[in-house]
Amino acid sequence: MSDVDASPLTHFNEQGRARMVDISDKQETSRSATARTIVTMLPSTLQLIKQGKIGKGDVLAVSQVAAIMAAKKTSDWIPMCHPLSLTGVDVRFSDNEQDELYIEATVKTRGQTGVEMEALTAVSAAALTVYDMCKAAEKTMQIGPTLLLNKSGGKSGDFHRKDTDL
């Protein structure tokens, strides 16, 4: 038995080569996932965003659309992801009133595989859009950590990140 055979990962075929997992026999269930990322920036940059004074437009509105578009296209750039019919994408923004912008996305579907990658992709695209729109004001912004907060549905059951996991 090779190391690949002993692995619980299912993205490898019998030759140890990458493959897209066959989900044909999996039961269709309701699934959801929520991910979060943080964009750390100068207080002045956060104020420009909140006041709508970034020259490229409404940063949060554009980032929200970017997140939704990215969630819908996740399988186009994450090689082993299945194309999914999403039933909902909700993007929320908050901040610490100082120097951190928080981006959360919840993605839902009814299908045979989960939406964790779609949620992670959504917040990543939103954060990159924030950076792109604000880079003229500040190039030192930092993105991350980016993490899965929770997921529900499917064979592996529910997952809820504990505060101690952050």
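1. A pocket, for this note, is an open set of grid points with protein on both sides within 12 Å along at least five of seven lines, and its lining residues have an atom within 4 Å of a point. The model is a predicted one, so read what follows with that in mind.

2. On that basis, the largest pocket holds about 740 Å³ of space. Its lining runs to 28 residues, and H11, K26, T113, G114 and E116 are the ones nearest its centre. Two elements, α5 and β4 (142–152), give two or more residues to that lining. The largest share comes from α5, with three residues.

3. What is the lining of the largest pocket made of, by class? I'd call out the mix here: 12 nonpolar, nine polar and seven charged residues.

4. Take T113 next, since it is among the residues nearest the pocket centre. T113 sits in the loop between β3 (100–111) and α5 (116–134). Is T113 buried or exposed? Its relative accessible area is 17%, and the cut-off for buried is under 20%, so T113 counts as buried. Beyond its neighbours within four places in sequence, T113 touches I23, K26, R31, H82 and L84. K26 is also on the list of residues nearest the centre of the pocket.

5. E116, another residue on that list, belongs to helix α5. With a relative accessible area of 22%, E116 is partly exposed. Setting aside neighbours within four places in sequence, the contacts of E116 are A33, L148 and K151. If you want a distance to check in the viewer, the C-alpha atoms of E116 and A61 are 23 Å apart, with their positions 55 residues apart along the chain.

6. Now the interior. The largest nonpolar core has 26 residues, and V39, M41, I103 and V130 have the most contacts inside it. At least two core residues each come from β1 (29–40), α2 (43–51), α3 (59–72), β3 and α5. Helix α5 gives the largest share, eight residues. In soluble globular proteins, nonpolar side chains tend to be buried together.

7. I103 is worth clicking on. Leaving out neighbours within four places in sequence, its contacts include V39 and V130, along with A35, T37, V91, F93, V123, A126 and A127. Two arginines, R36 and R92, are in contact with I103 as well.

8. Last, the cysteines. How many disulfides does a search of the whole structure find? Zero. C81 is buried at 12% relative accessibility, and C134 is buried too, with a relative accessible area of 0%.

Note on methods. Residues numbered from 1 in each chain as written. Predicted model: local features only at pLDDT ≥ 70, side-chain atom pairs only at ≥ 80, totals over all residues. Heavy atoms only, no water. Helix = DSSP H or I, 4+ residues; strand = E, 2+ residues; numbered from the N terminus. Buried < 20%, exposed > 50% of the residue type's maximum accessible area, 1.4 Å probe, protein only. Contact = heavy atoms within 4.5 Å. Core = buried A, V, L, I, M, F, W, Y, C linked by side-chain atoms within 4.5 Å. 1 Å grid on protein atoms, 1.4 Å probe; cavity = no way out; pocket = protein on both sides within 12 Å on 5 of 7 lines; lining within 4 Å. Points joined across faces, edges and corners; volume = space filled by probe spheres on them. Nonpolar A, V, L, I, M, F, W, Y, C, P; charged D, E, K, R; others polar. Disulfide = S-S within 2.5 Å.
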